[in-house]
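Let's take a walk through this fold, one element at a time. Keep the structure open beside the text as you read.

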Amino acid sequence: MNTLPILLKDGYKVGHKFQYPDGTTLVYSNLTPRKSRVADTQEIVFFGLQYFLKEYLIRQFNEQFFQRPKDEVMAQYRRRIDNYLGPSSISYQHIADLHDLGYLPLEIKALPEGQLTPMRVPVLTIRNTRPEFFWLTNMLETLMSTILWKPCTSATTAFQYLRVFRQYAARTVGSDMSFVPWQGHDFSFRGMSGVEDAIMSGAAHLLSFTGTDTIPAIDFLETYYNADCEQELVGGSVAATEHSVMCMGTQNDEIGTFTRLITEVYPTGIISIVSDTWDFWQVITGFLPELKETILSRDGKVVIRPDSGDPVKIIVGDPDAPAGTPQHKGAVACLWETFGGSLTETGYKLLDPHIGLIYGDSITTERQLRILEGLAQKGFASYNVVLGIGSYTYEYVTRDTYGFAMKATYGEVNHVGRDIFKDPKTDDGTKRSARGLLAVHRDPATGKLVLKDQCTWEEEATGELRSVFRDGRLLADQTVNEIRTRLLDQL
């Protein structure tokens, strides 16, 4: 689609310019996560603003609005709104005036991306810089909200997985954290709500991890966050099969398919082989022991991928299965019996580096914890498994998961300021807004970010919110490496 960017808004926004009090000269708003609906998570990871600024406020507004002929733009806008609200139901002069100006007269101040931000602390503020364009501030609410809540939410989710992987690595492996970035692998692409959703979420995943099957997320970070895959590891993966490959090899010759893959197609390096096409336990207890010497003499790792059933029971073991059966032991214990391994510096068993396991179906944060704890209870290190994080995790969220909302808290009428707020009596407090001009500071005692509202302009100019966009120009240009470093430093 090639939508006029000035139309990227809710329909009710069209007439708000005429609904503000006569003489309105300033609208000052903020975007804030208001309430967490995720247990034990009271901070979000801020991410996605630089994409929003570069792609929408700069590229799309310039190419599809300001740089196009005014008559053409106005005809397109008029056609849409006349047929939406009714002919001549509204004036379009303010849109023509904006086109004449030639840029978006806005200032956006924001926290640095990758910053952990507590609930009810704004991640950004936005205001108009020319009085006649007061209506522009909140016109962007729809676009800003729909673009930003998802990458923030996915970045927060990935960071939850990262915390747990690091905790179990410290406990069961020791000081070496080098494998953690590969333990959470993005398998979500096919289940997301469209390409942009998948790419934004996939890029958010890559703040905490390097493993991904969402290839265009790497392009996203190169385009909008100054990454360079030739100079740094942005995201990566390994050779891997799918069920169609295994099925085409036929059930009667499944071991032949394994053999061909690890000796002819991929004689070296890492190869991940989906192993539940017919009988996963036959693969674990029959084929792999038969191929043991081939696997152990190979220069690389064979990664076994179960893809159905209860991941906790398959990886760790099913206590309700008959004692001594592969199902009771679990896949990691079975692999240990065949291939052995070594002990980590903290005394946990780690499989021989020629063999590994990845599970990418229906892995939630709760299941991640049960898998890693279950392995630890059996004496196995967390590094024995890689977990795929899919669309069940990254898509079963909404804007309300962390209560993201953009609200105005200050305005001026005839250049005279007034603090504004909402506080519905029928609400539980979630929708109670801050008041007036805002500043975000770091509490010297806790190190956490805190909000101060009802500020003076002098106070508003201080703190952690820094100007990143003003009058059509980007004022700060962060790299993904800076954002990753900032995020990891907060662990």
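## Strand β14 and its neighbours

Strand β14 (residues 385-389) is mostly covered, with five of its five residues buried. This is a predicted model, by the way. The cover on β14 comes on both faces: Val385, Leu387 and Ile389 are buried on one side, and Val386 and Gly388 are buried on the other.

Who are the partners? Strand β6 (residues 184-186) runs parallel to β14, and three bridges join the two. To find that pairing on screen, look for His185, whose bridge partner in β14 is Gly388. Strand β13 (residues 355-359) also pairs with β14 in the parallel sense, over three bridges. Here Ile358 has Val386 of β14 as its bridge partner.

## The seven-stranded sheet

Now for a sheet with antiparallel pairing. Seven strands make up this open sheet, in the order β16-β15-β1-β5-β3-β19-β20. At its edges sit β16 (416-419) and β20 (473-474), each of which pairs on one side only. As a general reminder, strands of a sheet pair through backbone hydrogen bonds, either parallel or antiparallel.

Strand β1 (residues 24-33) is a good place to start: ten of its ten residues are buried, so the strand is largely enclosed by the rest of the structure. β1 pairs with strand β15 (residues 404-413) in the antiparallel sense, over nine bridges. Ser29 is a handy marker there, with Ala408 of β15 as its bridge partner. β1 also pairs with strand β5 (residues 124-128), again antiparallel, over four bridges. In that pairing Leu31 stands opposite Leu124 of β5.

Moving on from β5, strand β3 (residues 106-110) is joined to β5 by five bridges, and the two run antiparallel. Ile108 has Ile126 of β5 as its bridge partner.

## Helices on the sheet

Helix α5 (residues 141-172) packs on the sheet, where it touches β1, β3, β5 and β15. The direction of α5 makes about 140° with that of β15. Helix α1 lies across β3, β5, β19 (466-470) and β20, and runs at about 20° to β19.

The two helices also meet each other. α1 and α5 pack at an angle of about 130°, with their axes 9 Å apart, and they are therefore oblique to each other. The crossing is right-handed. On the α1 side you'll find Leu49, Tyr51, Phe52 and Tyr56, which meet Leu143, Met144, Ile147 and Leu148 in α5. The residues of this contact divide into eight nonpolar, no polar and no charged.

## A second partner for α1

Which residues link α1 to helix α8? Begin with the geometry: the axes of α1 (residues 49-66) and α8 (residues 216-224) come within 10 Å and cross at roughly 70°. The two helices are therefore roughly perpendicular to each other. Gln50, Tyr51, Lys54 and Glu55 of α1 make the contact with Phe220, Thr223 and Tyr224 of α8. These residues divide into three nonpolar, two polar and two charged.

Tyr51 is worth a second click: it is among the α1 residues that meet α5, and it is listed in the contact with α8 too.

## Thr142, close up

Back in α5, is Thr142 buried or exposed? Thr142 has its place in that helix, and its relative accessible area is 18%, so it counts as buried, which means under 20%. Leaving aside residues up to four places away in sequence, Thr142 touches Leu8, Lys9, Asp10 and Lys13.

For a sense of distance, try Tyr103, which is 39 residues from Thr142 along the chain. The C-alpha atoms of Thr142 and Tyr103 are separated by 19 Å.

## Helix α15

One last stop. Seven of the nine residues of helix α15 (residues 331-339) are buried, so this helix is largely enclosed by the rest of the structure. The buried residues are Ala331, Val332, Ala333, Cys334, Leu335, Thr338 and Phe339. Just after α15 comes Gly340, which takes a positive phi of about 65°.

Key
Residues are numbered from 1 along each chain as its sequence is written. This is a predicted model: local features need pLDDT of at least 70, side-chain atom pairs count only at pLDDT 80 or more; totals for chains, interfaces and linings use all residues. Side-chain values use heavy atoms; hydrogens and water are left out. Axes are lines fitted to C-alpha atoms, for helices over the stretch in contact, and angles run from 0 to 180 degrees between N-to-C directions. Angles under 35 degrees count as roughly parallel, over 145 as roughly antiparallel, 65 to 115 as roughly perpendicular and the rest as oblique. Contact means heavy atoms within 4.5 Å. Ala, Val, Leu, Ile, Met, Phe, Trp, Tyr, Cys and Pro count as nonpolar, Asp, Glu, Lys and Arg as charged, and the others, Gly among them, as polar. Buried means under 20% relative accessible area, exposed over 50%, partly exposed in between (1.4 Å probe, protein chains only). Two strands pair if DSSP finds at least two bridges between them. A crossing is left-handed if the near helix is turned anticlockwise from the far one by less than a right angle, and right-handed if clockwise.
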